[in-house]
Amino acid sequence: MKNKEHEIIKYFRKMDRSFYMDKDKDMAHIDQAVGIGHGQTISQPSLVLEMTLTLNIQPDSKVLEIGTGSGFQTDLLASFSKSVYTMERITALHLRAKEKLREAGFSNISFKLGDGSQGWEENAPYDRIMVTAAAAEVPSELVSQMAAGGKMVIPVGSEWEQKLLLIEKDEQGETCSTFIMNVMFVSLKRDSN
């Protein structure tokens with residue numbers, strides 16, 4: 001366990017966040033969220049690392065990521081798991097992240113443009129789910145797509161007050177929630193149709 005964490009941290013420290021930024025590249029080394037357009041941000045690096053470590057991804061993990069954004073978090077997930085299914089609802093971000101991640105050489109990432117709050121049913125269940133936007137409550141659709149023994153990291157709360165939670169599902173399908181820290185993310189939007 002500790003060795004895998006060490007490998008993730010080592011890889012993370014070598015990551016070039018500016019590769020996933022089109023503007024404000026001079027802020028890439030600063031540990032804070034930076035706007036990437038369309039009302040979205042590339043998350044604070046230390047938080048990206050903390051969320052990834054909390055998710056406890058394994059080499060055989062099938063991961064669902066809600067909110068591809070810049071692709072920075074996707075890179076970290078895909079580097080240490082078997083496969084990543086990532087969803088983004090904003091077309092420009094979806095296309096840009098896909099281009100950057102393919103340029104980086106990833107072949108274990110599947111991309112979908114759409115409402116992430118609904119998950120990606122046809123590829124469920126997932127061993128791990130990473131949600132990078134705040135939900136008012138934990139979406140039942142995502143819980144139902146977790147595998148037995150699965151874990152989900154998700155920010156939950158209002159626009160101004162959110163808690164990062166670790167949701168774990170046991171072999172009987174029961175879930176429990178653990179508070180990680182207070183956070184501030186953009187809101188998870190649901191398509192209205």
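Leaving aside residues up to four places away in sequence, M146 touches P125, Y126, I129, K151, M152, I167, E168 and K169, where contact means heavy atoms within 4.5 Å. This is a predicted model, in which local features need pLDDT of at least 70 and side-chain atom pairs count only at pLDDT 80 or more, while totals for chains, interfaces and linings use all residues. Residues are numbered from 1 along each chain as its sequence is written, and side-chain values use heavy atoms, with hydrogens and water left out.

M146 belongs to strand β7, which covers residues 146-157; helices (H or I, at least four residues) and strands (E, at least two) are DSSP runs, numbered from the N terminus. With a relative accessible area of 3%, M146 is buried, a term that stands for under 20% relative accessible area, whereas exposed stands for over 50% and partly exposed for what lies in between (1.4 Å probe, protein chains only). One of the residues that M146 touches is E168; these two are 22 residues apart along the chain, and their C-alpha atoms are separated by 8.7 Å.

Another residue in contact with M146 is P125, which lies in the loop between β5 and β6, the latter spanning residues 126-131. The peptide bond that joins A124 and P125 is cis, with an omega of about 5 degrees. As background, most peptide bonds are trans, and most residues other than glycine have a negative phi.

The wider setting is an open sheet of seven strands in the order β5-β4-β3-β6-β7-β8-β9, with mixed pairing; two strands pair if DSSP finds at least two bridges between them. At the edges stand β5 (109-113) and β9, each of which pairs on one side only. Neighbouring strands of this sheet are turned by 15 degrees against each other on average, with direction ignored; the axes are lines fitted to C-alpha atoms, for helices over the stretch in contact, and angles run from 0 to 180 degrees between N-to-C directions.

At the β5 edge, strand β4 (residues 83-88) runs parallel to β5 and is joined to it by five bridges, and E88 stands opposite L113 in β5. Helix α4, residues 91-103, packs on the sheet and touches both β4 and β5, its direction making about 165 degrees with that of β5. At the other edge, strand β8 (residues 162-169) and strand β9 (residues 175-183) pair in the antiparallel sense over eight bridges, and T178 in β9 is the bridge partner of L166. These two strands form a hairpin with five residues between them, and in the turn G173 has a positive phi of about 90 degrees.

Strand β3, residues 62-66, contains E65. Although E65 is buried, it has no salt bridge, and the nearest side chain of opposite charge, that of R17, is 13 Å away. Here a salt bridge is a side-chain nitrogen of Lys or Arg within 4 Å of a carboxyl oxygen of Asp or Glu, and Lys and Arg count as positive, Asp and Glu as negative, with His and the chain ends not counted. The side chain of E65 does make a polar contact of 2.5 Å with the side chain of T74, and a polar contact of 2.6 Å joins the side chains of E65 and T86. Such a contact is a pair of N or O atoms within 3.5 Å; within protein, one must be able to donate a hydrogen and the other to accept it, and residues adjacent in sequence count only if both atoms are side-chain atoms. Beyond four places in sequence, the residues that E65 touches include L77, V84, M130 and T132.

Outside this sheet, strands β1 (residues 34-37) and β2 (residues 40-42) pair in the antiparallel sense over three bridges, with G37 opposite Q40 in β2. Their hairpin has two residues between the strands, and H38 takes a positive phi near 60 degrees. D24, in the loop between α1 (2-14) and β1, has a positive phi of about 55 degrees although it is not a glycine, and D24 is partly exposed at a relative accessible area of 34%.

Helix α2 (residues 45-55) is mostly covered, since nine of its 11 residues are buried, among them P45, L47, V48 and L49. The helix is followed by N56, whose phi is positive, near 55 degrees, although N56 is not a glycine. N56 lies in the loop between α2 and β3 and is buried, with a relative accessible area of 16%.
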